[in-house]
Structure formats: C-alpha cells, structure tokens
Amino acid sequence: MKSGVLATMATMAVMGATLLAGCGTPAATNTSAHGSKINILETGSTLLFPLFSKWVPSYESSHHNVSITPAGTGSGTGIAQALAGSVQIGASDAYMSSSQMKPGILNIPLAISAQVVAYNLPGLNGRHLNLSGRILAGIYTGHITSWDDPEIAAANPGVVLPHHAIIPIRRSDASGDSFLFTSYLTDTAPTLWNAGFSTSPNWPAVSGEVSEDGNGGMVDGLKANPYSLAYVGISYLNSMESDNLGYAALQDKSGQYVLPLASNITRAASAMVSHTPADERVSLIDAPGSDAYPIINYEYAIVQSHQTSGSTAAALKTFMRWAISSSGGSAPAFLKTVHFLPLPASVVRLSLNQIHAIH
Amino acid sequence: MRFIRQRRADRVVGALLGMGALAPLVVVVGLLSYLVESSWPVWRMMGWHFFTGQLWNLGNLYAARPAIVHGVPVMPGASFGALVFILGTALTSFMALALAVPLGFFVAAASGYFVHGRWRVVMAGLVEMMAGIPSVIFGLWGLMVVAPAWAHHVGPLLNRVLHHLPFFTGPVQSETNLTVAVVVITLMIVPIIAATIRAVMERVPRELVESGLALGWTEAETFWRLVWPYARSAVIGGAILGLGRALGETMAVLMVSGDALNVLPRNIYSSISTMAATIAGQLDAALTDPTKMAIHALGALGLVLFAATFVVNILARVIVNRSTAQLRAVTKNG
C-alpha cells in the first residue's frame, strides 16, 4: 500500500517538474543573459504579413539568438498594440495621425507597397477594367449599383459589362488598406466621398455590402461572391491571379488608367518621396505625373523608441537595419514575390536615423 | 444551544466562507461601477441619441485636434449610436428563441417523458454534451458549413416559397447574415431550454403518470393533462434563461453575423451586428482613438448589455423557482 502511494507521488513529482521545465518565459520579458533567446513580437498589417513571414525564417537562420513571432491582425491592432507595448513592432500601412502620436513613438517605413482593386466578374476576370476614384466612391456610397452603370461603361468603351448588382466588399477590422483606399477616394472624389479616411472609416450604408476580416478574408470574399469588388493589398496579387480574379487599372492624377506594375509604382514613388519629412509620416496617394500608380504607401513599423531592455533594443535595431538593407530583407528575392519596392536611398537614410533613436 | 464552541480552524473557515459569500456581490458591484464610470462621457456626449442613433463613427482620426462636444473631447465628426446593435441583438435573440423554444420543448418531452430505458439516458447525455460545446466551435461550423449552404441552396429555395413575405425574402448577397447567426444561436440555447423543461417534467411523480395510464389515457393524453401544466411555466423559465445566453453570445455571432455598421437590417439576409459581437470586434479599432471616446462607447454598450442580461436572468430565476415550488406543493398534497 505505502509503496504504491510513494510511487504515485514520485511519478507526479517527476511529471510536475517536467511540465514546469517546459514552461517558457512569458512573452513580454526579454532576457539575453544565460543565452536564452530574445523575443521580438510583431503584429498588424495583413498587407505586410506575407513579406514578414518570409523574412522571419531567413533572419532567424542567420541570427540564432533572436526569435521573431509575426501575426496578421490588421493595422489598427498593430498601432494599438505597439502603443500599449504588448509587441515590439506594430506593422501598419497607415502612418499615425498627429492626435495618435505620442512622444517616443516612431513610424519607420520598411518598404513601399501598393494596393489593387480586384473583382470577380465571370467572363471578364482576364480583362483589366478601367476604374476611377469617382466610380469607386460611387460604388462605396451606393450611388453606382450595377456593373453596367453608364459611368463604368464610359470608362471601358467596347467592354460588354454584365447587368448585375455590384457587391462591394470592405474590411470589418481596423485596416491600413481601408486607410489607403479611403485616402484615394477622398483625394479623387471629395464631393462624393465625405466619410474621410481612417483605418476605421465611417462606411456609408450600402445595401448588399459584405465585410471581411483581413486581406485574406477579402480574397475569400471575392471568391465566394461573383460580381463582387474589393480593395486588396498587392502582396496578395499572385494568389488572386492563380484564383483567376481580375484587377483594375486605376485612374491616376493625370487622368490615365494605370496598372499596378513595378514600373508604374516606381514612377509614383519617385514623384512623392521628396515630400517625406524627418518623421516619415506622409501619404503617397495619388502621385502626380503620367503612368503613376495612385495607391502606394510606405509599410510602417510602429516602434517605441524606449524598449524594455537594452538587449531587446539592440536586437530590434539589428533586425530593422537588415530589413531595409538591399542585401537583407529588401533584396529582390524577397520583395519581388510580394510586388513591393525597396525604399529609395534618401528614405533609407531617414529610416536609419529613426532606428538609431531606439534604445 | 446558542453558544457553539469555535476552534481557530472554524474561525478561519468562517472567514473564508464569508469572503466566498461576498465575492459575487463584490464582482457584480465592481463590474457595474467600472461600466458606469467608463460610459459616463458617452451619456454626456450622446444622451438618448445613443439608443436612437444609427451611426457608429469614431470621427476623423487624422484631424489636427479633437473637438469638444457637450464638454467631452472627441475626434471631429464622431457619433456613437447603438441602434444597429440593439436591433441586431433583439432580432437574433428573439428569432432564435422562436425556433429554440419549440425545439427545446420537444427535446425535453422526448428525453424526459416519452423515450424510455437506455435511450433516455443516451439522449440526456447528448443534450448535456451539446450544452458544453464551446460556442466558438458553433461559430466556425456556422461560417464554414451553414453560411455557404444557406446562401447557395436554402436561401434561394426559401425565397421562392416565401416570395410574398416582405421581411423574409431578399437577394442573398452576404454569406454571413442574420439567418446564419440565428441558426447558430438557436443550436446553442436549445440545450439550456431543454434541460430546464426536462428538470420539471422529471419531477412529476411517477405514480401520477401511472394512475393516468391506468385510467386508460394514452401516453400523450397523460402528458397533456398531468405533465404539461407544470412544464408550462418551466417553458417560460427556460426560454428566459435561453434568452440570457443568447444576449451574451459573442464569438460565434461575430464570426457569422456579417459585422454590419451604420445600416439597419432589411430582411433576414441582411448583415447584422449584436452588442456583444461589436464590443469584441470593434475593440482594436477603438484602441486607435486618441481621445479614448470609442472605448467609453464600448463600455456604454457593455452597460446596456449588462443591464439587459441582469434583468433577464433575475426574471428567469423567479419564474423557474415559482414553477418548482408549485410542483413541490402539489406533490406534497397529491
């Protein structure tokens, strides 16, 4: 009897010890003494997420003391969690507003990305329809309800458009893509679109509008709903093309309809980067010039300048310098798959200055 | 004997029991005071328009500075109207109740009365298991299975059958909508309704039922004449308990309701949003509001939800207690 009890207690003690040994340190603490890994947590933009997930295994294989955990939760969450200090990097397609900014918060661009307007039109998904900001504003305010509306037909002469209701899809979460899209609408159609721009815009009530979570959800929504229209980050272009979804040529400031090709994004970036201030918070929407793709943006890492520990700060700085260097995260091998552009040299300098401020 | 000798251990246990007794009161009062304190700026800013307003707008987060509305700083253009969510909650809860009460009643009658032997135990076990399934699993199943099936198969069929009823027909555009939310909530509240009704049905003494059968009544007649009068008030009690659960369902509803904002539902295929789902879904967006007003607005939603579930639960307890007391009185004198 007694030996049985002892044996059970011994087994439980061993099991308990094993379980306790297996428990890792909680996420927020970062200790590098005694050789344990430094944890860098990242969350936010689903537009940046595909690139970030590619960065992580590559970076961790050459930097064994760092463990990076990415997540795709939406730019609003990225900003909120970076402000709260729950994560080290909050990824956001939207720079923070002056009211949101606090002393000690840095908005550091990592790359230049873009947004496409995609649709699922049976029979027309191989074509690139011409769409303007006015048309899109009309669709998302409920003024344009059918695909064969005269305005859409006028922009697409010779195309047989279906007589079917448009199903606009918007983001349900606080989204940097919503910020970019509504910035484009505000810039190109201010009289029609007066809901402003934000990661959580005041979407007008449109009957039949579908809301989805994350860029992945937007693509799923397009696939599930024929005759739907959605704004999606360019990092999802390859998967949309393999799903046979179509995307539009958007009207730029000079009136031409421009496709989201690398050359057109480069032209838009060159026209706008000179406007970048030292704190790098600037909109790149609707660049002037011909063949300049209108919806491009900096992909921001929202970072607190004061980190909880010196080792975390050092690891963070090393990672971010790697991310913006052309031999590291901004190498063509990484950026081409997501259709991003590397930062131009002048902006790399500004980003390095901000990274230097992390301590 | 008034004087009970107390050892130190008794005193310690007594103190612990006292704390245990006070704990629920402390928790409820604590939560309530947090909700009232958090939502105070919203009542100052919106007043009654919180309940009648249709627009839920954080305002222009990119404005140069906040505006002052009724003494409270908010971003320019902000407006927090909860009508869409209150209506969504009421619609989903009452429609789910309309489906779940008859279903729960039949499940209870079957498992508590009509089914005999081993199958009764199996049925009872299955209903208990259903009650224990985490609601997020219902949400996942609803999103992946029910929503597409309804949008592509059941919806068009229903449209053809009911085409003259205004609220029950409409083009099915969003897969996640009021109907899927109602289906998911119904399945979640059937167990609690069934369990409440069954508990009362099983309390009806076996001798009464056997006397009825001996008199020559069929099982169904015995049921309607002997068991139903007591089950009646249990149905109401169970319905209200189910309503309490339906009001608080968050994750499952968030996944299948369509996240409607600023638009009132027109038919059963419209996207909706409930108060609980909105608190969960809009939290991240609210955290980006520099004036924090959006978080206060979510607190106000929480307060309304708290008040609603509080009232509903008290009502349920009162009614269920009364019906079991009635039954006890009858069986004592019977």
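**Note on the interface, pockets and cavities of a predicted two-chain model**

1. The largest cavity has a volume of about 140 Å³. Its lining consists of 19 residues, and those closest to the centre are A:Ser172, A:Ser200, A:Pro201, B:Leu261 and B:Gln282. Both chains therefore appear in this list, as the chain letters A and B show. The structure discussed here is a predicted model.

2. Three elements give two or more residues each to the lining of the largest cavity: S6 of chain A, and from chain B strand S1 (56–57) and helix H11 (283–287). Sorted by class, this lining holds eight polar, seven nonpolar and four charged residues.

3. In total, the structure holds three cavities of 30 Å³ or more. The second largest cavity has a volume of about 50 Å³. Residues of chain A line this second cavity, among them A:Asp93, A:Tyr95, A:Phe179, A:Leu180 and A:Tyr300.

4. Which elements supply at least two residues each to the lining of the second largest cavity? They are helix H6 (176–188) and strand S12 (296–304), both of chain A. S12(A) gives the most, with three residues. The lining of this cavity divides by class into eight nonpolar, two polar and one charged residues.

5. The next topic is the interface. Chain A contributes 30 residues to the contact, and chain B contributes 28 residues. Between them, the two chains bury about 2,300 Å², with 50% of this area on carbon and sulfur atoms. On the side of chain A, the residues that lose the most area to chain B are A:Ser99, A:Gln100 and A:Asn202, which together account for 21% of what that side buries.

6. How many salt bridges and how many polar contacts does the rule find across the interface of chain A and chain B? The rule finds zero salt bridges, while nine residue pairs are in polar contact, both residues of each pair being at pLDDT 80 or more.

7. Several elements of chain A take part in the side that touches chain B. Helix H3 (75–84), strand S6 (167–171) and strand S7 (210–212) each supply at least two residues to that side. The largest share comes from H3(A), with four residues. By class, the side of chain A that touches chain B has two charged residues, together with 14 nonpolar and 14 polar ones.

8. The largest pocket has a volume of about 880 Å³. It is lined by 41 residues, and the closest to its centre are A:Ser172, A:Glu212, A:Asp213, B:Met255 and B:Asp259. A:Ser172 is thus listed for this pocket and also among the residues closest to the centre of the largest cavity.

9. Elements of both chains supply at least two residues each to the lining of the largest pocket. In chain A these are S7 and helix H7 (214–224); in chain B they are helix H5 (135–161), helix H9 (251–256) and helix H10 (275–281). H7(A) provides the largest share, six residues. The lining comprises 19 polar, 14 nonpolar and eight charged residues.

10. The second largest pocket has a volume of about 350 Å³. Of its 25 lining residues, A:Val206, A:Ser207, A:Gly208, A:Glu209 and B:Ser270 lie nearest the centre. By class, this lining has 12 nonpolar, nine polar and four charged residues.

How values were computed. Residues are numbered from 1 along each chain as its sequence is written. This is a predicted model: local features need pLDDT of at least 70, side-chain atom pairs count only at pLDDT 80 or more; totals for chains, interfaces and linings use all residues. Side-chain values use heavy atoms; hydrogens and water are left out. Contact means heavy atoms within 4.5 Å. Buried area is the accessible area (1.4 Å probe) that two parts lose on being put together, summed over both. A salt bridge is a side-chain nitrogen of Lys or Arg within 4 Å of a carboxyl oxygen of Asp or Glu. A polar contact is a pair of N or O atoms within 3.5 Å; within protein, one must be able to donate a hydrogen and the other to accept it, and residues adjacent in sequence count only if both atoms are side-chain atoms. Ala, Val, Leu, Ile, Met, Phe, Trp, Tyr, Cys and Pro count as nonpolar, Asp, Glu, Lys and Arg as charged, and the others, Gly among them, as polar. On a 1 Å grid over the protein atoms alone, a cavity is a set of points where a 1.4 Å probe fits but cannot get out, and a pocket is an open set with protein on both sides within 12 Å along at least five of seven lines; lining residues have an atom within 4 Å of a point. Grid points are joined across faces, edges and corners, and a volume is the space filled by probe spheres set on the points.
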